[in-house]
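Here's a quick walk through one corner of this structure, then a step back to the whole chain and its partner. Keep the 3D view open as you read.

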Amino acid sequence: MAAVLLIDDDEELAGMLADYLRRDGFTVGLAHDGESGVRAALSGNFAIAVVDVMMPGISGIEALRRIRAGSRIPVLMLTARGDDMDRIVGLELGADDYVPKPCLPRELAARLRAILRRSAAPLPDHGELTVGPLRLHAAQRRAEWRGHPLELTSTEFNLLEVLARNAGRIVGKDELSTQALGRPLARYDRSIDVHLSSIRQKLGPLDDGRSPIQTVFRQGYQMIAS
Amino acid sequence: MGRLFWKFFLIVWLAQLAAVLATGAIFWAERQRLEARFAERPAPPPPPPGGFGARGEAPPLFRPGEPPFPEPGKPRLPWLHIVSGLLASLASAAGIAWYVARPVRRLKQAFAAASDGDLSLRIGPAMGRRRDELADLGRDFDRMSERLHSLLDAQTRLLHDVSHELRSPLARLHAAIGLARQEPERFEETMNRLEREGERMNQLVGELLTLARLEAGVQGKVEVFELDELISGLIEDARLEAAARHQIVDLEECRGLQLRANPELLHRAVENVVRNALKHTPDGGTIRIVSRRLDERHCRISVFDPGQGVPEDELPYIFEPFRRTRNAVGNGHGLGLAIARRVMDSIDGTITASNIASGGFLVNLDMPLAG
């Protein structure tokens, strides 16, 4: 099954999590500091990386920045519970999702599966999808805006895809979360908003200056169908 | 302008007014007396023959029938004096009141800001080159808020570090529970793990409490005791611990040194330093503990380890809680040296650390002798 890279300075914890994940069917690689973690993540041997935010030396955030500079490998951040700053910065830098630490290994495995399922299996029977200047190639998980390829993380691609398939309709945050992140939305969870704001930045405005993705207050998001 | 200003203004002004009025009244009374004396005075004696009168001249000032001063019945008020005096007293009263009230107002604002949680306001610059009790008060306030600020910062950081530090064993607990659920047959191993993590948390909380007590200035029972006694107990434990990794603990002792401290706390301080040394010593390495008299009133315990030392830029921070250096080994919390420093502070001693050029790391604990 999928190869998971665990980057965490707590060797004992990483060892236990690795044990758990292996028995759960994953292949697991370990790195105990940011530098070797980044190298391993960029090696192409892993399908997903789990990065602990709090690490001595180069922090998890810095590691994520370096990984994103060279790869679109899905990244799951382990953040301290209640530390929103790390979480939001992580998502802005292109993390696919986060798990608060301490967490039960079961939860970690579930999140990993959710991300892997989304990034691995495109929806069948939809080859290409075009909404205005946006063109999505679901099979190759590629997106183009006005003919230029977009650099999207896998979570961003999923969100964009859900919105594009429902273009013209308001999609609730709950629905976006279950379909694109593979988990229900937690209370006060801003991940969807953070992901969408970074997607908006990558897309740019429509011809009339509006953003192609509109926020509908308290209801969700809507992609403008043109 | 605040009430204080108006109060000072009114008091100063009224005082000046009273002084002016009183002076005026005295002058007036004096004049009345003079006039009364003039009125009683008999007419001047007739000029002696051949005197003034002979020349047909009257005395130049006092002509008969004309009093020398205006008549008491219709006094002329000196308006010019009154108005200018009034203005001058108003101006000086206002000036004095302002001079006192202004710094008090600044202080009030700063206190209000501080009680709202903003400790960044400073009064010193507003006092300029003023040197008096009020200016001193302002500067004292600045010092106080600076100290509070740094204390609060330290507390916040400590809280943050504590929660992070507690989280690691908690995360391992969760992981262990997850593993146990997955493989119930690994019961024994899981239990050992849970026990270990529980013990770690217990240790962390214990160390934190010690640190908090020391910071609050609680020293416990202070007594006079021999340093040898403390070191011999310590060495035994250290050698036991060192044996597991074939390390050697070398001791060079100066006998007969007497200290006044809480023996338990001091033991802990030295033990933390020794443990730290052992932790950083490679297997089979030798650490050296030396005690000696520095001068009449001080002694020193030196602990040397042949480890790789601490990066120079991190040296100033190693005695702060939760500072773990880039070379940190093992699973300490970074509280041991912080506790040692607090203990040394509490007995007016010092603890210093330095890298040895030829390799290794040296910690010196200097403390005053009893008596």
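## Two helices that cross

In this predicted model, start with helix H6 of chain A, residues 154–165, and helix H7 of chain A, residues 173–181. Their axes are 9 Å apart, and the two helices pack at an angle of about 125°. Angles of 65 to 115 degrees would count as roughly perpendicular and those over 145 as roughly antiparallel, so H6(A) is oblique to H7(A). As for handedness, H6(A) and H7(A) make a right-handed crossing.

Which residues do the meeting here? From H6(A) come Thr155(A), Asn158(A), Leu159(A) and Val162(A), and on the H7(A) side they find Leu176(A), Gln179(A), Ala180(A) and Leu181(A). Sort the residues of this H6(A)–H7(A) contact by class and you get five nonpolar, three polar and no charged.

## The sheet alongside H7

H7(A) also has strands to deal with: it lies across E10 and E12 of chain A, and it runs at about 70° to E10(A). Those strands belong to an open sheet of three strands in chain A, with the order E10-E12-E11 and antiparallel pairing. Which strands sit at the edges? That would be strand E10 (170–172) and strand E11 (213–216) of chain A, each of which pairs on one side only. On average, and ignoring direction, neighbouring strands in this sheet are turned by 30° against each other.

Zoom in on the pairing of E10(A) with strand E12 of chain A, residues 220–223: it is antiparallel and runs over three bridges. If you want a spot to click on, Gly172(A) stands opposite Gly220(A) in E12(A). As a general reminder, strands in a sheet pair by way of backbone hydrogen bonds, in either a parallel or an antiparallel manner.

## Chain A as a whole

Zooming out, chain A has eight helices and 12 strands. It has 226 residues, and 41% of them count as buried.

How much of the contact network links residues 24 or more positions apart? Taking the contacts in chain A with a separation of 6 or more, such residues account for 56%.

## Where chain B comes in

Chain A also touches chain B, in a contact that takes 18 residues from chain A and 16 residues from chain B. On chain B, the side that touches chain A has six nonpolar, five polar and five charged residues.

Conventions. Residues are numbered from 1 along each chain as its sequence is written. Chains are lettered from A and ligands numbered from 1 in the order in which they are written. This is a predicted model: local features need pLDDT of at least 70, side-chain atom pairs count only at pLDDT 80 or more; totals for chains, interfaces and linings use all residues. Axes are lines fitted to C-alpha atoms, for helices over the stretch in contact, and angles run from 0 to 180 degrees between N-to-C directions. Helices (H or I, at least four residues) and strands (E, at least two) are DSSP runs, numbered from the N terminus. Angles under 35 degrees count as roughly parallel, over 145 as roughly antiparallel, 65 to 115 as roughly perpendicular and the rest as oblique. A crossing is left-handed if the near helix is turned anticlockwise from the far one by less than a right angle, and right-handed if clockwise. Two residues are in contact if their C-beta atoms, placed from the backbone, lie within 7 Å. Ala, Val, Leu, Ile, Met, Phe, Trp, Tyr, Cys and Pro count as nonpolar, Asp, Glu, Lys and Arg as charged, and the others, Gly among them, as polar. A residue is buried if 20 or more other C-beta atoms lie within 10 Å of its own, exposed if 12 or fewer, and partly exposed in between; C-beta atoms are placed from the backbone. Two strands pair if DSSP finds at least two bridges between them.
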